[in-house]
Amino acid sequence: VWQLMTMGFSKEQSIAAAIATNNAGVDVAVDWIYARNNHSESTAIHSRAQPPHAQVSSPLQFNRVDDDPSPYYRVTPTASSAAATATASTTTADSLSDHLTKKCDICGLSIQSLEFSSHRLAHEWQQEQEQQQKQLTNATIPCEQCDNKPIPVDAFAEHQETHRKQQELQQNNTMLHQQIALLQTEHEEKQQHTDALQSQLDVLQKQVQAMSTETQSLKAEISKREQEIQNIQSEAKKNKVEYPKWWDVQQLQTVAYGHEKLIDFNLNDAVAKEVIASFNATAGNQVTHVQGIMNQMMYDKWWNEKQTLLQQIGANNLNQRNLFHGARGGDDIMKTIMREGFRAEFNTAYAVGQGT
């Protein structure tokens, strides 16, 4: 019905065509409308034979009833026809008097004979329209989207429009839910990224805190060493430290206080021979190389402790010996010993006895 109305047909024509063709399709309904219109017009305007005793022609005027949705024509005599009839003989007029009007058994009106057929057609069309309207009032169209629920014909177009709007609303809701899901996914990914960054930040903060603690510890150790160096230097000045004769004073001045300087000895030097002889007195290994260590801070420390011990026990009771200490670990361990001396906490393995 709605498609027929969009093609320019009236609502009544579209509904009548849909019912008459049992919803067979738009093309079939259009053919039915055109066939119906052509039949009505041809029936209304067909020529009628005049009575054999009529002596004048009676041209007909066909008037279109425009306000009727199903076209038909009303036939009325023209002015010229009336004039011609007036000039006819009285005998002819009297003989035709019984044929000029007929009484309609439907409406009770007297209708001219020439218009009677059109009048009857009008009644038939009106009855047909009333019957169609009655059928349309109770007619329904099954809606496929409502499980073939019957919908009144006059409300079917509006019902279909409601379905269209519902589908459009459902599509919009689906798109909205998809967009919400996408935003939630993006939010979760960003939150995971934020959590990962926060974890990294926590680790870095802990590392910074550990480094800060270590830095403070190192600062305290440096401060302690600096204070110790000042004390040693102060004691050395008081006690007038006597350094070994083999030390090179000029080279010693180029070395920072607390750092060491190695001196290589020839095995035939007096210092080297004294060391080799002392070593061989208790050990049978062959000596291949002898080096002397110049570390002013370590020597000053040893000298100060020796002076303190002399004051406690006296010079006659001083028992000084040369000891030899083995070391493993290569150059790194040797460098630590040369700079800091022998430390008891590092002596965990020994051959003869714990001697540091």
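Colleague: How many aromatic pairs does a search of the whole structure find?

Modeller: This is a predicted model, in which local features need pLDDT of at least 70 and side-chain atom pairs count only at pLDDT 80 or more, while totals for chains, interfaces and linings use all residues. Residues are numbered from 1 along each chain as its sequence is written, and side-chain values use heavy atoms, with hydrogens and water left out. Rings of Phe, Tyr and Trp (its six-membered ring) pair if their centres lie within 6.5 Å, and planes under 30 degrees apart count as stacked, over 60 as edge-to-face and the rest as tilted. By that rule, the number of aromatic pairs in the whole structure is nine.

Colleague: What kind of aromatic pair do Phe9 and Tyr34 form?

Modeller: Phe9 lies in the loop between α1 (2–6) and α2 (11–20), whereas Tyr34, 25 residues apart from Phe9, belongs to helix α3 (residues 26–44); helices (H or I, at least four residues) and strands (E, at least two) are DSSP runs, numbered from the N terminus. The ring centres of Phe9 and Tyr34 are 5.9 Å apart and the planes make an angle of 70°, so the pair is edge-to-face.

Colleague: Is Phe9 of this pair buried or exposed?

Modeller: Buried means under 20% relative accessible area and exposed over 50%, with partly exposed in between (1.4 Å probe, protein chains only). Tyr34, at 47%, is partly exposed. Phe9 has a relative accessible area of 14%, and therefore counts as buried.

Colleague: What kind of pair do Tyr243 and Trp247 form?

Modeller: Tyr243 is partly exposed at 29%, while Trp247 is buried at 8%. With 5.2 Å from centre to centre and 20° between the planes, the pair of Tyr243 and Trp247 is stacked.

Colleague: How many residues has the largest nonpolar core?

Modeller: A nonpolar core is a set of buried Ala, Val, Leu, Ile, Met, Phe, Trp, Tyr and Cys residues joined through side-chain atoms within 4.5 Å. The largest one includes Trp247, Phe265, Tyr299 and Trp303, and its full number of residues is 11.

Colleague: How far apart are the end C-alpha atoms of helix α10?

Modeller: The expected span of a helix is 1.5 Å times one less than its number of residues. The 18 residues of α10 (residues 296–313) should therefore span 26 Å, and this agrees with the distance between the end C-alpha atoms, 26 Å.

Colleague: How many disulfides does the structure hold?

Modeller: A disulfide is a pair of cysteine sulfur atoms within 2.5 Å. The sulfur of Cys146 is 3.7 Å from that of Cys143, its closest cysteine sulfur, and so is too far for a bond. For the structure as a whole, the number of disulfides is zero.
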